[in-house]
Structure formats: structure tokens, C-alpha cells
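Thanks, everyone. Let me put the structure up, and then I'll take it in three parts.

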Protein chains: 2
Amino acid sequence: MNVPPKNVNETNREYAFRVISANIISLDIEPGSMIGEQEIATMLGLSRTPVHEAFLELSKSKIVDILPQKGCRVSMIDSDLIREARFLRITVETALVEDACELAKEEDLRELEDNLELQEFYLSKDADKLLALDNEFHKLIYSICNKMQCYYMVSLMSMHFDRVRSLSLHSVKDLKIVSDHRAILNAIKKKDPAAARAAFQKHMARFELDWSIICNEYKQYISDGST
Amino acid sequence: MNVPPKNVNETNREYAFRVISANIISLDIEPGSMIGEQEIATMLGLSRTPVHEAFLELSKSKIVDILPQKGCRVSMIDSDLIREARFLRITVETALVEDACELAKEEDLRELEDNLELQEFYLSKDADKLLALDNEFHKLIYSICNKMQCYYMVSLMSMHFDRVRSLSLHSVKDLKIVSDHRAILNAIKKKDPAAARAAFQKHMARFELDWSIICNEYKQYISDGST
DNA sequence: TATTCAAAACTTGTATACTAGTCAAAAATA
DNA sequence: TATTTTTGACTAGTATACAAGTTTTGAATA
């Protein structure tokens, strides 16, 4: 497990949540593995309490399953939950990119442009950096539409999807993500909601296609019930 | 504050969350009021720990604001957060009713029908019962589409909206909610996604119209920043 | 009287101790 | 040997104790 240092102005609970989340998404903690509160607490140099609270929050999105008096299991990759996460993201963000066409100010467009240029720079250079920029791009759209609380809720569920997305970034060669983002931003700049919607849906549709590849390559992490 | 008995197979934390949530939504705990962990814990006959954990979860949806080392404040009615909650519900559930047209089985339709007949029975008789049936109706649609995790996430944010919705049920006389539901169910039965979408959006649009009434009648609960 | 400042009385955050439930392996029994 | 029982070593859930920060209070001072 990867244990970065604690940020300033971060409570122990937030620190625990941040570190555990990151390790689950990056697969440094393997799907299906058992993790104990005491074990994590020791690694992070904390008591059980803040770790317990972090586990509680993670269990809300079913990214971990707390088995009372038994332990805490990191959920297997579950296609039903991924489907829900994808559904939520596609549904919400499709509506957002349409709204963004009229809400985006000059400054917002500049921020999106800056982000996208960095994406183009890091393409085929640094996959992790690209993933972070991708997340930031989507987050900016929530911000433009004043929907940051929705962002938080969608993010929580999206962890199921993010675990797979990071696999997909490493396993699928021909990445069209950046050019997709370019198409979305162009549509927003032209204030064309229909084009923005179409570009966004095309973008998100790629992750549907990747599922079979992921399924083959990482079958040891896929839960039995998944179809 | 209203303190119902603890259910069996319910942890103290879940009990605390259930009771506090209900009292916030029903306005038995007034928007803007300070509530202490110890105070609630004593009322519920618990220690601070499970109450603290319940507050944490409530703070995730910003229905309460935890001010470290100071206290916990029940959020004022905030039109921005209501807007977000409405946006999320409308966006997600509009997509769901379309999907429900092809996913709903005979048994699902029967459940919706039973619920709706109860709504018609209780109309203008028992507003609280009607509200509960309304919630159940919407929940059934998530269930039909296999999106219960989304339901949980949307519900959490929806608390902002629910507080206002209960006001609206008591203050607005001419309730069209039940006939709206009838129209939605008919569209699902006919497997007509376009009609279902239209009926649902008409349904949710009513709460936009109610805002001015609510604003006038309950201005002491509305936060300053709200427009 | 008005102002300053310290201490007391609060708050939540966190650590620790204890409770109760689960499981597995060892021990007792047939 | 096979089966049941017991016991001990784990777990998370909860209560309690303490730490650290904020606000209030009230006495001392100008």
C-alpha cells in the first residue's frame, strides 16, 4: 500500500479516506482482499477511530463491504455497480455539457483549454497524469454549472468505474480520450448543446467497448455475479 | 424532536441517522438551529460515537454543517442546493422512466399500480401518508431499472428538496401529484418512453412553480444567499 | 463605565478500552 | 476415527476519556 504524507488542514479521517480510496482505485489494494481497521490504522499512524469512519464512508458507495464483527472486504469489480456508475455519470454529465454551453464564461473556457493542452502534451507520455487531467476536465464542467455537490455524489459512485477506467487507460492502446475532450470543448465554445451532447456521449461510449478487454485481462478481479 | 423506537437489526449509528434525518426533513429540527452530539446522544440514549458518525454522513450532503470544535448546524433552506437536488432527481429519473418502459415486468407494473391506488385513496386525506407513497413510487422506478445505488446517492442529496417538498404538500392546495403519477405509469405500461419522459418532466416542473409560495411562507428558514 | 484578558465551559476530534459477535482450531466426547 | 463442544484469537461496534480548539464569562484594570 502507498502511503503519501498527510496534508495540512486535513483531519485524520479525511487523510485515511484519501489514502484508502487512492489505493483501492489504483488497485494497490486488490479487489476482494480483506483489510482491517487496525492494520490500516497502524500503517497510517492513526488510531482505529478515523480509519473506521473512512471505512464507513467507503461502504456507502459499496466500494468496500463491512461485514460486522468479521472484517472489511474491498469489493470485487462488479459490472452492475460499474453500470450504475456509468449510467449516473453519462446521464448527469450529458445534461451538464448542454447547460455548460450557455453557462461557461470566458474564464471557464480558458481553464478548459489550458487543461486540454496539458492533456495533449502528456498523451502517450504519462498515463497517470492524463487520468488526473481527465478527472479535472470533468470536474470543471460541474464547476461551471454550479453543481459541485452533484460532483461529490457522482464521484463517490464513480470509484467503481474509476478502478476499471485506470485499467482501460493502461490496457487499451488507441486512446481517443483527448480528441473527445477537444470535440466537447469546441461544442461548448460554439454554444451548441446538441453537438456537446453528441460529443460527450461518443466519449463515454468508449468505455462500453472496453469492457470485454478488461474482462479478459483482469478476470481474477471480476465478481462472479458480473455479466 | 420526535424519537421513534429503535428497529431490530439496526445499529445505533443507523438508528441515529434515521431519527435525525426524519426530524430535519419534517422541520421538527429547525433549519439554522445548532444541535450538539451530546444533546442528541442523550435524547436517543446512546453515546456520542454513533451520533458523531450519523452527523458525518449528514454533513456529506451538506444537510448539516459541522464546524470543527464549535458545533453542528442544521443547514438553512438553500435554493442552490435544492436546485442541485432537483437537477439530479430530474435528470436521473427522467432517464430512468424511459428505461423503465422496456425493463418493467408485469410484477413491477402491478406494484406501481397498487401504490398508485393507495395514493388515490389517501389523496386529500393523509398528506404524510401520501408523501411516503410518493417516495415509494419513485423508489420503485429505481428498483425496476436496477439502480438502487443511484437511489441511495440521489436520496441523500434529495433531503434538501424533501424539506421543501413537505412544505409544498401542506401549503399548495391543488395537488396534481397523483394524476401525474398516473400519467407516468400509463406511459410505462404503453412502453412509450417519449410519453414517460414528458409526463415525468411535467411532474417535476410543479416544484419549480411552488418555489415562490414556499419562499414567502417560510422566509425565516431561507438562507440569505438564496435567490 | 468601558476594555482587556484569563479562565472556565463549552464544542468536536481522536485515542483507548471494552463489548459482543465470528471463526477456526483444539479438545472432549461418542 | 468422527462428531460435537469449547476455547481463544480475531473482528467491528460502542462507550468513555482525553486533546485541542472556540466561545463565553467575569473579574481586574484603566
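One definition before we start: a salt bridge here is a side-chain nitrogen of Lys or Arg within 4 Å of a carboxyl oxygen of Asp or Glu. By that rule, the interface of chain A and chain B has 2 salt bridges. Keep in mind that this is a predicted model.

Let me take one bridge. The partners are B:Lys60 and A:Glu57. Their closest N and O atoms sit 3.1 Å apart. That falls inside the 4 Å cut-off.

Now the polar contacts. Chain A and chain B share 12 residue pairs of that kind, both residues at pLDDT 80 or more. Which helices of chain A each supply at least two residues to the side touching chain B? They are H3 (48–60), H4 (79–103) and H7 (148–171). H4(A) gives the most, with 9 residues. Look at the make-up of that side of chain A: 13 nonpolar, 5 polar and 8 charged residues.

Next, the extent of the interface. On chain A, 26 residues are in contact with chain B, and chain B answers with 26 residues. Between them the two chains bury about 2400 Å². Carbon and sulfur atoms account for 69% of that area. Where does chain A lose the most area to chain B? At A:Phe87, A:Gln149 and A:Met153. Together those three make up 27% of what the chain A side buries.

Second part: the DNA. I'll stay with strand D. There are 20 residues around DNA strand D. Both protein chains are among the nearest: A:Arg48 and A:His52 from one, B:Asn12, B:Ser47 and B:Thr49 from the other.

What does the protein meet on the strand, backbone or bases? Of the strand D atoms within 4 Å of the protein, 67% belong to sugar or phosphate. The rest belong to bases.

Three phosphate contacts, then. A polar side-chain atom of B:Ser47 lies 2.5 Å from a phosphate oxygen of strand D. For B:Arg13, an N or O atom in the side chain is 3.4 Å from a phosphate oxygen. A:Glu37 uses a polar backbone atom, at 3.5 Å from a phosphate oxygen.

Which elements give two or more residues to this surface? From chain A: H3, strand E2 (64–67) and strand E3 (71–74). From chain B: helix H1 (12–25) and helix H3 (48–60). H3(B) has the largest share, 3 residues. By class, the surface near strand D counts 5 nonpolar, 9 polar and 6 charged residues.

Last part: the sheet in chain B. It is an open sheet of 3 strands, in the order E1-E3-E2, with antiparallel pairing. E1 (34–35) and E2 of chain B stand at the edges with a single partner strand each, so one side of each has no neighbour in the sheet.

Go through the pairs. E1(B) and E3(B) are joined by 2 bridges, antiparallel. There, B:Ile35 faces B:Cys72 in E3(B). E2(B), residues 64–67, and E3(B), residues 71–74, run antiparallel with 4 bridges. In that pair, B:Val64 stands opposite B:Val74.

And the turn? The hairpin of E2(B) and E3(B) has 3 residues between the strands. One detail to check on screen: B:Gln69 takes a positive phi there, near 60°.

That's the tour. Questions, please.

Definitions and conventions: Residues are numbered from 1 along each chain as its sequence is written. Chains are lettered from A and ligands numbered from 1 in the order in which they are written. This is a predicted model: local features need pLDDT of at least 70, side-chain atom pairs count only at pLDDT 80 or more; totals for chains, interfaces and linings use all residues. Side-chain values use heavy atoms; hydrogens and water are left out. Contact means heavy atoms within 4.5 Å. Buried area is the accessible area (1.4 Å probe) that two parts lose on being put together, summed over both. A polar contact is a pair of N or O atoms within 3.5 Å; within protein, one must be able to donate a hydrogen and the other to accept it, and residues adjacent in sequence count only if both atoms are side-chain atoms. Ala, Val, Leu, Ile, Met, Phe, Trp, Tyr, Cys and Pro count as nonpolar, Asp, Glu, Lys and Arg as charged, and the others, Gly among them, as polar. A residue is near a molecule or strand if one of its heavy atoms lies within 4 Å of it. Two strands pair if DSSP finds at least two bridges between them.
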